[in-house]
Amino acid sequence: MSHRIAVLPGDGIGPEVMKESLKVLDAVAAKVGIEFEYAEGAIGGIAIDQYGTPLPESTVKLCSSSEAVLLGSIGGPKWDNLPPEKRPELGGLLALRKSLNLFANLRPVKVYDAVKGLCPLAADRLSGGLDILTVRELSGGIYFGTPKKVDDTTGMDTMIYSAGEVERIARIGFEAAKSRRKKVTSVDKANVLHTSILWRNTVERVAKDYPEIELNHMYVDNAAMQLILDPSQFDIILTGNLFGDILSDESAALAGSLGMLPSASLGTEINLFEPSGGSAPDIAGKGIANPIAQILSAGMMLEYSLANIDAAKRIYSAVDKVIASGLRTADIASGGETVSTSEMGDAIAAVV
Ligand code: IPM
Ligand code: MN
């Protein structure tokens, strides 16, 4: 059986790390007897250069006619001075998230024993372990609310959530908690924001359907603090678009490197998989980027879009093995010996 995958390498380190994830996918495919058919599309800065728009219509069509989308990363200094709507972020990635209705973003973070030393916290703070899944609402909130504008005197964004939007992301969070440690921490700013009052009330209501899941609420400022004081208390962090963006980077830093953090963006039909980190223009083209976030994102694609848990687990455990064996890209090397992006990809592909 052949799976048609839309591949959008994007900008910066995107193309380099994407290449490694396809290498690993092909190695897994050979092991489990499936096939992939990759169809490449342009998004972000490269699409601006080639087509004059960060999200060509052909790319949207390609994505909606594929089984899943693998995305690298977008953006870079070259396109930073364009008007917001024409930039890779708003006009490319956010427009694609909206058009595929990708409302749930799952960002799992765990600390690998072998690279525990990279965690910026003192070792005793991690004694209870670190294994957090951020469930971030992705297609609403202040990222998308209108009106928004900027001129010389005023900047304006609108934060808006409907109960329906909150309810569907809350259900994703509670469902995910079932197969984990059964604890949901809902993060909001309900002492100030009206959207957060709705958020909290709605999450409370949905929680009634999940009596086996423990729910607590936390203000976002406190959550940011608790993450560095006592990260072990978190299982699922359920939160809105902006808070999830911020807290997921913070939790990734606890794991040592943003280069290890994958993500799944789930929609109503087609899902998209991308690293949580950015295009890292400072190291692009040097062959030193860590491909693990992209490779794990491909693993999440196997799990969430193709429902091939066996194949997904092969990728997850291949990454575990290679990290345990001591192989390190520069971001996780702590000054020791390093391997290149493609050497890391080769090593993972060899043990799937
Ligand atoms: C992310 C990124 C994006 C976001 C940017 C590039 C628009 O930071 O996926 O976390 O803010 O969602
Ligand atoms: Mn982000």
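1. Phe174 and Tyr210 are both buried, and in this predicted model they deserve to be looked at together. The structure holds 3 aromatic pairs; in one of them the ring centres of Phe174 and Tyr210 lie 5.1 Å apart with the planes at 10°, and because planes under 30 degrees apart count as stacked, this pair is stacked. Phe174 belongs to helix 5 (residues 163–178), whereas Tyr210 sits in the loop between helix 6 (194–207) and strand 9 (214–219), so the pair ties together parts that are 36 residues apart in sequence.

2. On the backbone, a general expectation is useful for what follows: most peptide bonds are trans, and most residues other than glycine have a negative phi. The peptide bond that leads from Thr146 to Pro147 is cis, with omega near 5°, and Pro147 is located in the loop between strand 5 (131–137) and strand 6 (149–150).

3. Lys182 has a positive phi, near 60°, although this residue is not a glycine. Lys182 is placed in the loop between helix 5 and strand 8 (183–188), and its relative accessibility of 35% means that Lys182 counts as partly exposed.

4. Ser334 likewise is a residue other than glycine with a positive phi, here near 45°. The loop that contains Ser334 runs between helix 10 (309–324) and helix 11 (341–350); with a relative accessibility of 61%, Ser334 counts as exposed, since the cut-off for that class is over 50%.

5. As for the overall fold, the protein has 11 helices and 12 strands, and its C-alpha trace spans about 50 × 50 × 40 Å along the principal axes. For 352 residues a compact globule would have a radius of gyration near 20 Å, and the value of 20 Å found for the protein agrees with that. When contacts between residues at least 6 apart in sequence are considered, 77% of them join residues at least 24 apart.

6. Turning to burial and surface, 54% of the 352 residues in the protein are buried. The protein exposes about 14,600 Å², of which carbon and sulfur atoms supply 54%.

7. The charged side chains comprise 33 positive and 44 negative ones, and the centres of these two sets lie 3 Å apart.

Conventions:
Residues are numbered from 1 along each chain as its sequence is written. Chains are lettered from A and ligands numbered from 1 in the order in which they are written. This is a predicted model: local features need pLDDT of at least 70, side-chain atom pairs count only at pLDDT 80 or more; totals for chains, interfaces and linings use all residues. Side-chain values use heavy atoms; hydrogens and water are left out. Helices (H or I, at least four residues) and strands (E, at least two) are DSSP runs, numbered from the N terminus. The radius of gyration is taken over C-alpha atoms; the globule rule is 2.2 Å times the number of residues to the power 0.38. Buried means under 20% relative accessible area, exposed over 50%, partly exposed in between (1.4 Å probe, protein chains only). Contact means heavy atoms within 4.5 Å. Accessible areas come from the Shrake-Rupley method with a 1.4 Å probe; for residues, only the protein chains shown count as cover. Lys and Arg count as positive and Asp and Glu as negative; His and the chain ends are not counted. The place of a charge is taken as NZ of Lys, CZ of Arg, CG of Asp or CD of Glu. Rings of Phe, Tyr and Trp (its six-membered ring) pair if their centres lie within 6.5 Å; planes under 30 degrees apart count as stacked, over 60 as edge-to-face and the rest as tilted.
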